[in-house]
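Colleague: Could you take me through one part of this model up close, the backbone oddities in the loops, and then carry on to the ligand? I'm still new to this, so keep it relaxed.

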Amino acid sequence: MLRFWKRNQEKASDAAAASVTEARPDMEKPGLLNRFKQAVSATRKSIFSHIGDLALGKRRIDADVLEHLEEALIAADIGPRTTMEILDKARQQVDRKALDDFDALKNFIKSELRSILSKASNQLDSSPHSGAPYVILVVGVNGTGKTTTIGKLAYRFKQQGADVLLCGADTFRAAATDQLAVWAERAGVPLIQHAAGGDPAAVVFDALKAAKARGADIVIVDTAGRLHTKLDLMQEVQKVRRVAAREVAGAPHEVLLVMDAVTGQNGLEQARQFLQAAGVTGLVLTKLDGTAKGGIVVAIARELNLPIQYVGIGEALDDLVEFSPDAYVDSLFED
Ligand code: GDP
């Protein structure tokens, strides 16, 4: 996961104090598994509606059962390739009499999914760095939940004791800067922005200068989600990258692509366009709570082969959780 380390001892003790206060609200909240369960409840219902009374464990596993299972996985948007592979392996095991009841079958599928997800969650970290702010660029098309995610991230890092600054480099739409200002206020962090229509690279320059001057730990940069052409969009992201690199060594340290779980497989093509141009290092998948096709997490992890760092599970400030393959897979199959 994207972890944050304090840069010096004084800040480390602040962080410890913050984590104590942070612990209280967390204790009142459901645990990670329950939060995932709530988020994917529509997907879980869909899976169980396809497999129906098989789940009661009354039937032996046969071709008919496997067919229902195939429909369930396809409907959940796990992706045709993964579904076929899992089913082929399951059939072989059934033939060898290695899988003979529903629980065994369920455990088999869960372990297959976990193995796909673990390959795509080779964790990145923002290891200790010296003196300069840690710069996170957030990219993705409009409507995916980019602004909301930036607000949630800022809040999260602040709760962990970091000094966070937001940078509104999406100057293409006036509404984007206004919206970001609302989230900055909600999260209680400063925002550097210019008037709409200005040069995004200039905002990044100012934000990084301000961050260095105040000793900020983390700068989260909102980039344009739409421009006149795709080429313009990609060139703008590249320009922002260049300016960031000039101002802070190694920046951007992280480029997070925000993807909308509701757009399902269609979002994959969009995402691929960003991967290379923006040098994406990790993914945030939003609106997992808004779809019955929550299996898209598996398809995305597999097709893009990038770690899913965070998942959006609602519209509130704290509705962003670190992605956990175990909690996710369990939440799909356990009532
Ligand atoms: P942007 O155009 O990409 O910046 O998208 P916004 O951040 O404005 O979000 C678009 C819509 O998606 C808003 O109505 C958000 O409340 C909603 N949204 C964002 N993330 C989530 C999420 O994780 N779950 C749900 N249910 N809605 C979300």
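Modeller: Let's start with Lys287, which sits in the loop between strand E6 (282-286) and helix H12 (296-304). Keep in mind that this is a predicted model. The phi angle of Lys287 is near 60°, a positive value in a residue other than glycine. Why point that out? Because most residues other than glycine have a negative phi, and most peptide bonds are trans.

That second habit has an exception here too: the peptide bond running from Ala251 to Pro252 is cis, and its omega is near -5°. You'll find Pro252 in a loop as well, the one between helix H10 (230-247) and strand E5 (254-260).

Now for the ligand. There are 16 residues around the ligand, and those that come nearest are Gly143, Thr147, Thr148, Asp289 and Glu315. Sorted by character, the shell has two nonpolar, nine polar and five charged residues. Helix H7 (residues 146-159) gives the largest share of that shell, with four residues.

Next, have a look at some contacts with oxygen atoms of the ligand. Thr148 has a polar side-chain atom 2.5 Å from one such oxygen. For Gln179, a polar side-chain atom lies 2.8 Å from a ligand oxygen, while in Lys152 an N or O atom of the side chain is 3.4 Å from an oxygen atom of the ligand. As for how covered the ligand is, it exposes 580 Å² when taken alone, and the protein buries 80% of that. The space the ligand takes is the second largest pocket.

One last stop, away from backbone angles: the salt bridges. The structure holds 20 of them. In one, Asp319 pairs with Arg35, and their closest N and O atoms are 3.0 Å apart. This pair links distant parts of the chain, with the two positions 284 residues apart in numbering. Asp319 belongs to the loop between strand E7 (308-312) and strand E8 (320-322), whereas Arg35 belongs to helix H2 (residues 32-39).

Methods
Residues numbered from 1 in each chain as written. Predicted model: local features only at pLDDT ≥ 70, side-chain atom pairs only at ≥ 80, totals over all residues. Heavy atoms only, no water. Near = heavy atom within 4 Å. Polar contact = N/O pair within 3.5 Å; in protein donor to acceptor, adjacent residues only side chain to side chain. Areas by Shrake-Rupley, 256 points an atom, 1.4 Å probe, with all protein chains shown as cover. 1 Å grid on protein atoms, 1.4 Å probe; cavity = no way out; pocket = protein on both sides within 12 Å on 5 of 7 lines; lining within 4 Å. Sits in = over half its atoms within 2 Å of the grid points. Nonpolar A, V, L, I, M, F, W, Y, C, P; charged D, E, K, R; others polar. Salt bridge = Lys/Arg side-chain N within 4 Å of Asp/Glu carboxyl O.
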